[in-house]
Every structure is written in C-alpha cells, then in structure tokens.
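Good morning, everyone, and thank you for making room for this in the meeting. I would like to walk through one model with you, taking the charged pairs before the cavities and the surface.

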Amino acid sequence: MTQWVYTFGDGKAEGQAGMRNLLGGKGANLAEMSNLGLPVPPGFTISTEVCVYYYANAQTYPAELKTQVEKALAHIGSLTGKTFGDNNNPLLVSVRSGARASMPGMMDTVLNLGLNDVTVEALAKGANDERFAYDSYRRFIQMYSNVVLDVDHHHFEDALEDYKERKGVTLDTDLSATDWKTLIAKYKAIVKDAIGKDFPQDPKEQLWGAIGAVFGSWMNARAIKYRELHNIPASWGTAVNVQAMVFGNLGETSATGVAFTRNPSTGEKELYGEFLVNAQGEDVVAGIRTPQDITEKARIAAGSDRPSLEKVMPDAFKEFLRICGLLEKHYRDVQDVEFTIERGKLWMLQTRNGKRTAKAALKIAVELAAEGLITQDEAVGRIDPASLDQLLHPTIDPNAERKVVASGLPASPGAAAGEIVFDSDEAEAAKAAGKKVILVRIETSPEDIHGMHAAEGILTTRGGMTSHAAVVARGMGKPCVSGAGMVRVDYAAQTMTAGGVTLKKGDFITIDGTTGQVLHGAVKMLEPELSGEFATLMGWADSVRRMKVRANAETPLDARTARGFGAEGIGLCRTEHMFFEGDRIVAMREMILADDEKGRRAALAKLLPMQRADFVELFTIMSGLPVTIRLLDPPLHEFLPHTDEEIAEVATAMNASPAKLKQRAAELHEFNPMLGFRGCRLAVAYPEIAEMQARAIFEAAVDAAKKTGKAVIPEVMVPLVMTKPELDLVKGRIDAMAAAVKKETGAQFDYQVGTMIELPRAALRAAEIAEAAEFFSFGTNDLTQTTLGISRDDAASFLGPYTAKGILPADPFVTIDQEGVGELVKFAAERGRVTRKDIKLGICGEHGGDPASIAFCEKTGLDYVSCSPYRVPIARLAAAQAALGVKAASTA
C-alpha cells in the first residue's frame, strides 16, 4: 500500500530533510527538527504525491488517504493526550501548505482548526481563560472563511474595527471574552450571507475543507504566476502539513515570533527578528500591533522602549538562542525560523534556509567558509550569479513608493531616474547642461549611441532582450526597459502615454531595468557597493574556473570597466560603434558616397589614423591580454541619414548633393538588412575597407607593444562567414596588410585570423572553415535568429506566450536554445577541433553573460565566454559554478 501520510513529533519522524521532493520543504524540515530532538508540535505531512494524484484524477483523493489521515490524527492525539473532534478535550490543529520550493503567500495558514461552538467552551475550561478561547475561535472563523470558503477577509476586519470604534478601544487585546462572543455571532452572519449556509461545525469537515483548499491553491492565479516567475514546474505539487496547535495568545507568558539566525540584509552574525507577547503568528506580520525586538542589542539599536524577548522571557530566549545555533550548524546555512512560546515553553514551528540580499549572501558565504561550516567551493556555489547585479548597479530603495505606469522587458539591470527626452541630441545637450535624463524612443539605432551614452537610462516601446537598445545599454552598464508596448510615444507632441497617464518632455520618470517597470516621478535609489567579501569570493571562483571570461568592449571606458571587473581580454570589439561621431561619420559617409575605389580609399585614409588611435588605446588598456576585433559588420545604409530633413542637413555639412545622398540611401536600402549586404560581404565587395581596418589593427599593435613593453597578439575576426572561400579572400587581404606593416615598421608580431560562427551553414561546414580560421567565436545572437527564424527585434510580441505555454523553455535570446542553436555550437566545435586541434573557441553573443548558457559553454568545452563589462563578475562566478558542476558530475 502506498504511504501518503508521514508523521513527526516526540523526537522522531517518518521523514527527514532529504525528502523535500516528497514532503515539501516545510514538512521535510519539521521531520528533521523532530529527529534532532527539538521541541516541535507533533503532526503529519500529506505528501506532494497526493497533490499530483488529486489533479490527475479529477480532484479526488487516493482511496487509502482518509484512513491514513485518521491514523495520523490518532498519533498526534496519543502524544498530546487530546482527541480530534472530542467535545471535552479537543485536539486543535494548524493546516499549512508546503511545496518543495518556498512559495511565500501561496496559501495563508489556517490556525485553531477543530474549534466550534462546543469545543471552544472546552478550550476555555482547559486553559482557564475564556477570553483566550473565544479570541482563538474568532481567528479561526476569519482565517477558515477567507482561505477555504473564499469570503473576503476585509468583511471581518471591517466588523472588528467598527466594533472597537464603538467600544472606544484601539487594540484587539483590549477586548473581553464577551466582546469576542458578540463578534463571533457577527462573523457567522457574514459567512452565511456570503455562502448561503452556516459556518461548518464538524471538525472533520473543517479539516478536509482545509486540505482541499491547500491543493486547490496550487493552481490559483497567484501560485501559477509565482511558479512562472521562479521557474517552478506545476508537476511538483504541494504537500499539506497538519500540526497540533500551540498557543502564543495564552496570556503574558506566551508569545510568537519569526527570526533569522543572521541578518538577511547585511549578513551580520546576529539574531534578527521580532515577536509579540500574547499573540498568534499572523499578528506579527499584520501590522496591527508593533512587534518587539528579540535581542536587547537590537532593541537598543532600534531605540525601542518595548522590552526584548531576551528581557521578558530570559529562559525561553536562552533556549531559542541554543536551538538557532544548532539549526545553523546542522543545515550549514542561515535559517529563517518561526516559533511560539506557550506559557513559558518554547516550540519550533518551522525552519528553512533564509532568503537574503546579495550583499548579505556574500558575507554569509565567506564567513560560513571561514567558520569551517562549508568549503570554499560550496561558498562559491551558494551565490546566485544573477544576484550580483544588485551590487553592480543602483537599485530602487525597497521602501520607496512605486507608482508604476508601464512595464516592459528588463533589458539591462539597475535603476535610473531623470527627465524625459525623446531625441539623442537633446539627451546630449541636457547632459552638458548638468541634467539627468531618460532617453525615450520607439526603438534605438546606432545613430542614438551618443544619446544613450548621455542618458541615465533608456526606455523603448519596441524590441526584445537583445535589441539594439538592450545590447548597447548592457555594454554601457546603463539600465534599460525595452519592448514596453503599452507606452505610446508621440515625437511630434513630445509626449509618452501609458496607463492613462500622459507625460511630456521634461517630466521625471524612473526606470527599473531589473524588473522592467516604468515609474512616475524620481524614486529614491540605493547606490551599489562592493565589499571585501566580494573580492574574496571572486578569488575563490577564479581558482576553480576553467573558462576565461572576456568582455565585449570598444570604448576606453568599457575596456577599463571590464578590466576593473576582472575581464581577461576583449572577446568582441564592434568596430562599427567607432564610426558614428564627429569627423568619423563624415569620413564614413564620404566613403559610402564615393563613385569608385579611388574615392573610397581617399575617405578610408581619413579614417585610418582614427581607427589606429582607437586600437592603440584598447591594446594599451588591455596590456598584453587578447583583443578580438570584428571587422565592419552592419550594412552601410545604417551610416546614412534617412529623412529628407536629415539628408539636407548632412548634405550641407558634407558639401554634397542632397539628391546624390538620397539616391545612394535608396540604392543601399534593404528589405531584410539582417540577412543582406553586411559582414564579410562588405569586405568581399570592397576589400579596401578590410585593408584599412587590418592596417589600423597591426600598426596599433606595434605602437602599443612599444608603449607597454608587452607583446600584443591581435585577433582579427571576420563576421558573417558562410563559406571558406569568403574567409580565404578576406584573410588574404588581412595577411597582406600584416606583411606590409611588418616591412614598413621592421617590427615582428603575431596575430590570429578567425571568424564569427553566426550562420547555420558556417556551423555545418566548420571543419572546412577551420582550415583557414584560427579561432571561432560563436555569435549566438545572430545564430539564434538564423536558426530559429526569429527576429530579435520583433520577437517580444510572441515569445511571452511561447514560454508561458512551454513551447520554449526560456527566451532563446536570453538563454541559449541548447537543442537547436546549442547543437550547432557543439557540432561546429567538434568539427573545428578535428581540423585544427588547438583552435580557440569562444562565445560573444549576449548568452556569454547568462549563467545557464555559461553552464552549456562549460559542458561543450569552449575556451572562453565574452559578455558586457558589467556582466563580467556574473560570468566569472557562473563559469566557476559550471566548472564545479561538471567536476561533480564526472566524479559522481
């Protein structure tokens, strides 16, 4: 016969901590605490398998469940000396949910179950306290009616507040037993009016109603949304925990509270929590009474005049302190505990690993390792890499009021506030005037680089997680919310409208790039700070990491930031970003407008010293570390003006014909530029472009080596290759430039030529391409687009439903599609190594900063990942965890 129910209590249990999949987190830990001999009220857990059965069988229970529950109730009764449903000596129970992953607020607790019009009198007699009994009964009616009968709790709160107002009292504790009897009659009337029948008096009916409510709550909208946000499968199900009641509302020697064994905000090694005398659990968080501090130290720090638990119940406090220390050592982690003191006797109601801030997590992990409770490798594994964003970017003060006007995609983490501007030139002018601005655009293009650089943050109404705005913002370390489709931008009126609110240029907004929220007004921020524990833990991570971590960077600021965060080189320098400012864009446009090769070379000659100076600075900052420079990639039309007004303005500045400029822009227009005249196709048609860039790279390498005294080994990357002949042709021009520079300077230097694998055909023909390429860098942004046939700029409108319905496990532009794109990466890596054993393999798409994708790269054996500078610490930690995971799997 299948065991559906597991008992615990009196120093033993049928379960233990390792059974959380079956018993849920709460049930497994209650069993574990019982096995440790801690004071846990006896009870039982109905397993998660019952929940799975319940939904697989038209919301019915296994045939054996009722008998097993009754047997478990009798077990609790034998330990407490009480009987469930008995009129004279009733056993009262609490009912709580408990999934294997913590889901706070999924279902509220039901306390005092088993009370009715008869058993309440027995409770009063047994406790010799009528007020306590009727207070417990009214609490039960309110909780049960809300959680099980779906009667809104505000009906009961309103009745209670009205009654207290008429009585002229403020606190619930000011009400007498007679008052509670009067209110109970009102509560029953509220229930009958709401559901059309009386509040249930049969304790067994009450119990099965509560059990059904727990299982029902697993599929309520709140729980479904929580699971979606935290990637918790619906198939896990929830357990139900039924436990003998202990009462914190039994007078001045009773209390209830919650605590962490260390401070969850700072990580300090000190008890952190609060309690209330003469109260039940929900009172602590309800805010009706002000909770008291647990320790004297905390009370003094808070400036409170209410006594601490340490003072008011010293014996119980001493025992609580002992148990907290024991639990932390046993679980080897910070514990979040709930407790009740009944007439001086301490009872432990729950323990679980405590949630904490990133700052606290670092301090706690490092200190637990220093105390010998965990190893350094375990400390590295304890930190969620993505949580490091909290330490690297400004965040919104959690206590600040949020007036949300719109939501989009959390495209680049951090938060920023500023005045709305709709134009990049205006953003730059405002910055020069000392103003802080948020650049609001329908979408951004490379022409907006200067405005994005000037703005505190970027908001776009179109585009996904790897749109231009998202990628550039992440590279700059600026917050960005993209794809905020509910926002309507009117450039002519200089307004944005969302949620019925119209905001104009100059109004203040705040964007939260971590949540995707757009907020009205300037909201208070918390500035980032890096602690000593951060450096310690990252050192431990680097010692176990196999893969190198590089950065995507093309500006000196990006390069310095990346080095500061521990980058081991540049994995992607996008040279096109260097051509959009000042004299550079003019020379670039002259090159595009030239009628012949001679004219193009003349324009490129103006760009050569600018490019060379850029590369000298990057090589100098990186000081001997590898730098991968991608040759010009985007289509040429991106460098030309588009509107008649812009064309006229540019033509005047260049002393060129507006008609010619307009004609050239029309000639270069493409219906699908992502698959058009770009990448190596430009170098094939106009080899002089690649020659200029290669010459600039090699001349810069010679200059930087003289400056730093360290050899520079540039890696020249040819983009969008689909065949070996393409690469051969472009590589020939690069090699010719290297030979020319060596001859002209008399200097000797090494260099590598490789390619970006971003087309399925290139992945399939990797063995052949590796004959010419000395390295592969997987451009997984474009490889995802070309493999899945999805435009990253247009995918936001349908990827949500695809992930929600389980068609895709995650946004493929955020986490690599291992079955499709990942299979091509593995195939190309294997084929490339067959041809060239020492071929260098890396990834430089946005996936290079995603922990799940980094784990895939480790398994695939890539040599490095490259990501935006502000994600370098995240990638370092994720790469270390991936290495530890692969190592653990290989030794298992």
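Let me begin with Asp172, which counts as buried because its relative accessibility is 9%. Before going further I should say that this is a predicted model, and everything I say about Asp172 and the other residues should be heard with that in mind.

The partner of Asp172 is Arg138, and the two form a salt bridge in which the closest N and O atoms are 3.6 Å apart. Arg138 sits in helix H5, residues 130–147, while Asp172 belongs to the loop between helix H6 (153–167) and helix H7 (177–195), so the pair ties together parts that are 34 residues apart in sequence. Arg138 is buried as well, since its relative accessible area is 4%.

A second pair is Glu846 with Arg474, whose side chains meet in a salt bridge at 2.5 Å, N to O. Here the link is between distant parts of the chain, with Glu846 in the loop between strand S31 (840–843) and helix H34 (851–860), and Arg474 in helix H19, residues 468–476, the two being 372 residues apart. Both Glu846 and Arg474 are buried.

The third pair I picked is Lys660 and Asp595, a salt bridge with 3.3 Å between the closest N and O atoms. This pair, too, links distant parts of the chain: Lys660 is in helix H25, residues 658–668, and Asp595 is in the loop between helix H22 (582–593) and helix H23 (597–622), 65 residues away. Are these two residues buried or exposed? Lys660 counts as partly exposed because its relative accessibility is 36%, whereas Asp595 is exposed, because its relative accessible area is 66%.

There is also a network, in which salt bridges that share partners join Arg262, Glu268, Lys269, Glu328, Lys363, Glu367, Glu371 and Glu533. As a reminder of the general idea, side chains of opposite charge can pair when their charged atoms come close. How many salt bridges does the count give for this model? The count comes to 64.

Let me turn to the cavities. Three cavities of 30 Å³ or more are counted, and I will describe the second largest, which holds about 60 Å³ of space. Its lining consists of Leu631, Leu632, Gly679, Cys680, Leu682, Ala683, Ile689, Ala690, Gln693, Val718, Pro719 and Val730. Helix H26 (680–685) and helix H27 (687–708) each contribute at least two residues to the lining of this second largest cavity. By residue class, that lining divides into ten nonpolar and two polar residues, with no charged ones.

Another buried position, elsewhere in the chain, is Gly571, which lies in strand S26, residues 570–574. Gly571 counts as buried because its relative accessible area is 0%. In sequence Gly571 and Ile843 are 272 residues apart, yet in space their C-alpha atoms are 8.0 Å apart.

Finally, the surface, where Phe798, Tyr802 and Ile807 form a nonpolar patch with about 280 Å² of accessible area together. Of these, Ile807 is found in the loop between helix H32 (796–804) and helix H33 (821–835). With a relative accessibility of 52%, Ile807 lies over the 50% cut-off and therefore counts as exposed.

That is where I will stop, and I am glad to take your comments.

Definitions and conventions. Residues are numbered from 1 along each chain as its sequence is written. This is a predicted model: local features need pLDDT of at least 70, side-chain atom pairs count only at pLDDT 80 or more; totals for chains, interfaces and linings use all residues. Side-chain values use heavy atoms; hydrogens and water are left out. On a 1 Å grid over the protein atoms alone, a cavity is a set of points where a 1.4 Å probe fits but cannot get out, and a pocket is an open set with protein on both sides within 12 Å along at least five of seven lines; lining residues have an atom within 4 Å of a point. Grid points are joined across faces, edges and corners, and a volume is the space filled by probe spheres set on the points. Helices (H or I, at least four residues) and strands (E, at least two) are DSSP runs, numbered from the N terminus. Ala, Val, Leu, Ile, Met, Phe, Trp, Tyr, Cys and Pro count as nonpolar, Asp, Glu, Lys and Arg as charged, and the others, Gly among them, as polar. Patches are made of residues with over 30% relative accessible area and no salt bridge: like charges are joined within 9 Å, nonpolar side chains (Val, Leu, Ile, Met, Phe, Trp, Tyr) within 5 Å. Accessible areas come from the Shrake-Rupley method with a 1.4 Å probe; for residues, only the protein chains shown count as cover. A salt bridge is a side-chain nitrogen of Lys or Arg within 4 Å of a carboxyl oxygen of Asp or Glu. Buried means under 20% relative accessible area, exposed over 50%, partly exposed in between (1.4 Å probe, protein chains only).
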